[in-house]
Amino acid sequence: MQYRLDPTTGNRLSALGLGCMRFPGAVPGKPDQRQAEAIIARAVEQGINYLDTAYLYPGNETCVGAALEHLDLRDQVFLATKLPHASCKRPQDFDRFFTEQLRRLRTDHIDYYLIHNITSHAQWERLQDLGIEAWIARQKAAGRVRAIGFSYHGSAGDFTRLLDAYSWDFCQIQYNYANERYQAGTAGLKAAAERGMAVFVMEPLLGGRLAGKLPEAAQRIFEQADDRTLRAAPGTAEAVAAPPSVELATPAAWGLAWIWDHPEVTMVLSGMTTPAMVDENARIASAALLSALTERQHDTIAQVLKVFEASNRVPCTGCNYCMPCPQGINIPGCFAAYNASFAHGWFTGVAQYVTASAVRTGNPKLASNCVRCGACLRHCPQHINIPDRLRDVQHRLTPGPVGAALKLFARKRH
């Protein structure tokens, strides 16, 4: 495993961190404990020493805490979780949520604590008015919080204001080769690093959109690339221990290697859902050192990006923050089908939409069921106008006779 230094704490962090939000489970909000433990155990075996969860990930903190206790791994990892700041209405709420998180995670301290999903400087000002800075100071003095940071989903302009609003230890930003000018972006990545902060990257593969869900034309560009070998750059201690070369065999490998090629990145979080995925990503992490990507490989990624941008109509990452919808609509599923209709063809998109909208159950949750209540809007970290885009889904995937046929089919099933 490649390790990079956290410039604030001095911690030696694995370049690959385990994002726990997408643990598998048959029931939403109830991660499968056995599968989660297998993933965590394999991650630690592969040298991963950072786990990321959050209060707002249903059932996740409890699952992670039980797994670390059962596997006796708490002292071998840096544990990160997040404060649901929008739910903090009184100063006492900081303690209320934090105490519950310690209980769920079965620990007496959090190594990396984040203010979750900050989208504007005004949100931080509200927390300041509630006394968040004094609260952080008390937790740090008591050793219950070792490092404080924030995860960001706002505009580029507010990001630098937030960086300078407090003495942060680290930040977490969405970053990938399709998001260089989105949210914090490349400029924000460099600005945080210039201030001496550790920078952790989330959504490196855009919720899988840059992995197995790429358009076929983009996948062919990767498959037919002249140079698909990742060679560890010489001259560093990590390079000596790294394998001499690793094949960029998948779109995911290309995407992850692109991020690790940036010296400002401390760590990349990946939501790995199987032990095999852990093995594959760890294999890439071992060789994806600085300057490992060649100029030709960067050109290949640029070609892929052009194809991807032509088909990426809704920037949904499938995070499910918008769920549950009061009308039962599978919002991420609708958007995945809509994007697939451009990336893989209209019939493929319609087939996915039929599945996502549960037409076969006789109780369909079509995009047309949206009543524009706006409940989803305040939760979307990508700032998607969800009601408007659901209308786009309806127009593209259920035009005239198709929509009528789906409704008739649903009535017959019912």
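**View 1. Tyrosine 50, a buried residue of strand β4.** In this predicted model, tyrosine 50 has a relative accessibility of 0%, and because buried means under 20%, this residue counts as buried. Tyrosine 50 has its place in strand β4, and its bridge partner in β5 is phenylalanine 78. Look next for leucine 18: its C-alpha lies 6.2 Å from that of tyrosine 50, although the two are 32 residues apart in sequence. Beyond its neighbours within four places in sequence, tyrosine 50 is in contact with Leu13, Ser14, Gly17, Leu18, Phe78, Ala80, Tyr112, Phe170, Phe200, Met267 and Leu269.

**View 2. Aspartate 52 and its polar contact with lysine 82.** Staying in strand β4, we come to aspartate 52. What is the relative accessible area of aspartate 52? The value is 4%, so this residue is buried too. Its side chain makes a polar contact with the side chain of lysine 82, at 2.8 Å. Not counting residues up to four places away in sequence, aspartate 52 touches several others, including Leu18, Gly19, Cys20, Met21, Tyr57 and Ala80. Leu114, Gln172 and Leu269 are also among the residues it touches.

**View 3. The barrel and the pairing of its strands.** Here 8 strands close into a barrel, with parallel pairing, and you can trace them in the order β3-β4-β5-β6-β7-β8-β9-β12. Neighbouring strands of this sheet are turned against each other by 25° on average, with direction ignored. For one of the pairings, follow β4 (residues 50-52) alongside β5 (residues 78-83): the two run parallel and are joined by 3 bridges.

**View 4. Strand β12, paired with β3 and with β9.** Strand β3 (residues 16-19) pairs with β12 in the parallel sense over 3 bridges, and serine 270 in β12 is the bridge partner of leucine 18. Strand β9 (residues 198-202) also pairs with β12 in the parallel sense, over 2 bridges; here valine 201 stands opposite valine 268 of β12. In a regular strand the side chains alternate between the two faces of the sheet. Which residues are buried on the two sides of strand β12 (residues 267-270)? Met267 and Leu269 are buried on one side, and Val268 and Ser270 on the other, leaving both faces covered.

**View 5. Helix α10 and the largest nonpolar core.** The largest nonpolar core has 92 residues, and Leu18 and Phe150 touch the most other members. Its largest share, 8 residues, comes from α10. A second core lies apart from this one, with 22 residues, among them Cys316, Cys325, Phe335 and Tyr353. Helix α10 (residues 251-260) is mostly covered, with 10 of its 10 residues buried; the tryptophans Trp254, Trp258 and Trp260 are among them. Turning to phenylalanine 150, its contacts beyond four places in sequence include Leu114, Ile115, Ile118, Phe159, Leu162, Leu163 and Trp168.

**View 6. Helix α7 and its covered residues.** In helix α7 (residues 185-194), the buried residues are Gly185, Thr186, Gly188, Leu189, Ala191 and Ala192. What covers these buried residues of α7? The cover includes α6 (156-163), β8 (170-174) and β9. Just after the helix comes a backbone detail to spot: glycine 196 takes a positive phi of about 80°.

Methods. Residues are numbered from 1 along each chain as its sequence is written. This is a predicted model: local features need pLDDT of at least 70, side-chain atom pairs count only at pLDDT 80 or more; totals for chains, interfaces and linings use all residues. Side-chain values use heavy atoms; hydrogens and water are left out. Two strands pair if DSSP finds at least two bridges between them. Helices (H or I, at least four residues) and strands (E, at least two) are DSSP runs, numbered from the N terminus. Axes are lines fitted to C-alpha atoms, for helices over the stretch in contact, and angles run from 0 to 180 degrees between N-to-C directions. Buried means under 20% relative accessible area, exposed over 50%, partly exposed in between (1.4 Å probe, protein chains only). Contact means heavy atoms within 4.5 Å. A polar contact is a pair of N or O atoms within 3.5 Å; within protein, one must be able to donate a hydrogen and the other to accept it, and residues adjacent in sequence count only if both atoms are side-chain atoms. A nonpolar core is a set of buried Ala, Val, Leu, Ile, Met, Phe, Trp, Tyr and Cys residues joined through side-chain atoms within 4.5 Å.
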